[in-house]
Amino acid sequence: MKYSDAHPVLGPVHDGVEFAANSPLQIHLDRAAKLSLSEQIRSSIARAIESGLLPPGSRLPSWQSLATYLGVARGTVQTAYERLTDAQMIEAFGAKGTLVTARPGPAVNRAEERPPSAFVRTYQEMRTGPAVFQLGVPALDDTPGKVFARARSSNLLKTGPFSSVVYPDPLGERRLRQEIAGHLAISRNLHCLPEQVFITSGYTAGLGLVLRVLGLEGRKAWMEDPGYLLTRKGLELAGMRPISVPVDDEGLDVDHGITHAHDAALAVVTPGQQAPLGTTLSLRRRLQLLQWAAASDAWIVEDDYLGELQLGGRAAPALASLDEGKRVIHVGTFSKTISPSLRLGFVVAPLRLVAAFAEVATALAPAPSPVVQLTTAQFMREGHYVRRVRRLKRLYSAQRDALCEQLDRHDAAWTSAGLALLVPLPDGALDVEIVREAITMGMAPSPLSRWFASLAWTRPGLLLGVATAPETQVEASCRRLFEIIDRYRERAPRLT
Ligand SMILES: Cc1ncc(COP(=O)(O)O)c(C=O)c1O
């Protein structure tokens, strides 16, 4: 039997080795499997067609030949072919043989596929890890994992979500909303009703919900510069125009915002610990910001991503706690205090927006899995959460002290930046390149320049996360990091 088609699929059937080695179609039969042999043959061929391995026009062997090769009954292959024919994936053309049909599929889609955007590539680079000095992730520690596993295996799942087949509350599980409201009152001096708390898949989903509710397309939004990449992108995707507002040692420069974009409809800020510089927004600036918002009928989003997780002393109260005009929408997350892989956060809506939030959450952004929510509620109710935050603060303070000591030994200038230490580099230094090299050695400091949108303000530097710098590794990691920096210094002495 000869296969002379432009897309030969199988070699001569009597030569099984050639068949197996050269063919794009690999059929491995498991005779012990529950799945019938004809179904195994059918799904192997279907997968090869769907993935584009067998493009349209490819000729399949006759079912008799394939049966001989596979050592199965002819009827078994015939059944598989009939099912593929029914699914319009192949067609028999008499003497011409059986061909893969021309149909829109992944082979066509692949040609249309675009490489990921620069934004997605940058984000993918940011989330590599876990690695030493990585920013924005908690210490590797399995305590919540164990407690969560216990909560899951307790009665929670029997009495909780799986005891019911009705849809869960899209606004969030009542028990978690209550826990969060209670916790915010104590830890952030923010008093709200559980009804004001909407459960989301982390900050990013919370921001998406807020922007949907506010519907400010076409309007300007103040955005800290340097600031969080995802916030800027989120504003752009919501059709807003982000206006860069610089940050100094009192936090967001409100005067600058008023001078350059007094007519903005929104400001997104990280008042607790500015991301990434770590500055706490001063009381003077907080009042100024609230006054501007009241006078301009603007909204403020408070990104409270670190919450009470502040090293050295107590975190300042939430900006929303000062907000009598109720223009501040507070967004929190469990990413830093429990784990980013929970994908759990919340929005505290001003009372007058609660109905609008409920509508959008119900139709477009329902709360994540009740299993995760109820387990987190239990974690909070039993006191694990408060203990964990306290423990993380102690651990991170010790790690930060050890890191400071090492930086001093290397005569490096540094400043505190929230849960990181910032090592500034001279103007023009290629912090992104230094980080790329560091990543190959298991370290992932964050390049400061990446956090800037305005080229004129961009400064290079390395943000060294303290949560991911265990004391046992910090000496060796600093040595390796400074070897990389020194190599760059030798190549471009003016720049490092
Ligand atoms: C400024 C800022 N906001 C929020 C987050 C957390 O977002 P999420 O809750 O989506 O993990 C981060 C994480 O790094 C951040 O840096």
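## Two helices that cross obliquely

A crossing of two helices is left-handed if the near helix is turned anticlockwise from the far one by less than a right angle, and right-handed if it is turned clockwise. In this predicted model, α8 passes α14 in a left-handed crossing. Helix α8 covers residues 174-187 and helix α14 covers residues 370-381. Their axes lie 8 Å apart and make an angle of about 40°, and α8 and α14 are therefore oblique to each other.

The contact is made on the α8 side by Arg175, Leu176, Glu179 and His183. On the α14 side, the residues that meet them are Gln373, Leu374, Thr376, Ala377, Met380 and Arg381. By type, the residues of the contact of α8 with α14 are four nonpolar, three polar and three charged.

## The protein as a whole

The protein has 496 residues, and buried residues make up 43% of them. Its secondary structure consists of 17 helices and 15 strands.

Contacts can also be sorted by how far apart the partners are in sequence. Among contacts between residues at least 6 apart in sequence, 70% join residues at least 24 apart.

## Around the ligand

The ligand has 13 residues around it. Those that come nearest are Gly136, Gly202, Tyr203, Ala275 and Thr333. The shell divides into five nonpolar residues, seven polar and one charged. Helix α9, residues 202-214, gives the most to this shell, with three residues.

Glycine 202, one of the residues that come nearest to the ligand, has its place in helix α9. Is glycine 202 buried or exposed? Glycine 202 has 20 other C-beta atoms within 10 Å, and a residue counts as buried at 20 or more, so glycine 202 is buried. Leaving aside neighbours within four places in sequence, glycine 202 is in contact with Thr333, Ser335, Arg343, Leu344 and Gly345. Of these, Thr333 is also listed among the residues that come nearest to the ligand. Glycine 202 and valine 331 are 129 residues apart along the chain, and their C-alpha atoms are separated by 8.8 Å.

## Two cis peptide bonds

Which residues does a cis peptide bond with omega of about 10° join? That bond joins aspartate 225 and proline 226. Proline 226 is placed in the loop between β5 (220-225) and α10 (229-237).

Another cis bond runs from alanine 275 to proline 276, with omega near 15°. Alanine 275 is one of the residues that come nearest to the ligand. Proline 276 has its place in the loop between β8 (266-269) and α12 (283-296).

## Residues with positive phi

Phenylalanine 133 has phi near 75°, a positive value in a residue other than glycine. Phenylalanine 133 is placed in the loop between α6 (118-126) and α7 (143-159). With 28 other C-beta atoms within 10 Å, phenylalanine 133 is buried.

Aspartate 411 also has a positive phi in a residue other than glycine, with a value near 55°. This residue is found in the loop between α15 (384-409) and β12 (415-417). Aspartate 411 has 7 other C-beta atoms within 10 Å; a residue with 12 or fewer counts as exposed, so aspartate 411 is exposed.

## Alanine 412 and helix α15

Alanine 412 has its place in the loop between α15 and β12. Alanine 412 counts as partly exposed, with 19 C-beta neighbours inside 10 Å. Once neighbours within four places in sequence are left aside, alanine 412 is in contact with Leu407 and Val423. Alanine 412 and proline 424 are 12 residues apart in sequence, and the distance from C-alpha to C-alpha is 8.7 Å.

Helix α15 also packs with helix α17, which covers residues 471-491. How are the two oriented? Their axes come within 9 Å and cross at roughly 25°. Angles under 35 degrees count as roughly parallel, and α15 is therefore roughly parallel to α17. The crossing in which α15 passes α17 is right-handed. From α15, the residues Ala398, Gln399, Ala402, Leu403, Gln406 and Leu407 meet Glu471, Val474, Glu475 and Cys478 in α17. The residues of this contact divide into six nonpolar, two polar and two charged. Leu407 is thus named both in the contact with α17 and as a contact of alanine 412.

Definitions and conventions
Residues are numbered from 1 along each chain as its sequence is written. This is a predicted model: local features need pLDDT of at least 70, side-chain atom pairs count only at pLDDT 80 or more; totals for chains, interfaces and linings use all residues. A residue is near a molecule or strand if its C-beta atom, placed from the backbone, lies within 6 Å of it. Helices (H or I, at least four residues) and strands (E, at least two) are DSSP runs, numbered from the N terminus. Ala, Val, Leu, Ile, Met, Phe, Trp, Tyr, Cys and Pro count as nonpolar, Asp, Glu, Lys and Arg as charged, and the others, Gly among them, as polar. Axes are lines fitted to C-alpha atoms, for helices over the stretch in contact, and angles run from 0 to 180 degrees between N-to-C directions. Angles under 35 degrees count as roughly parallel, over 145 as roughly antiparallel, 65 to 115 as roughly perpendicular and the rest as oblique. Two residues are in contact if their C-beta atoms, placed from the backbone, lie within 7 Å.
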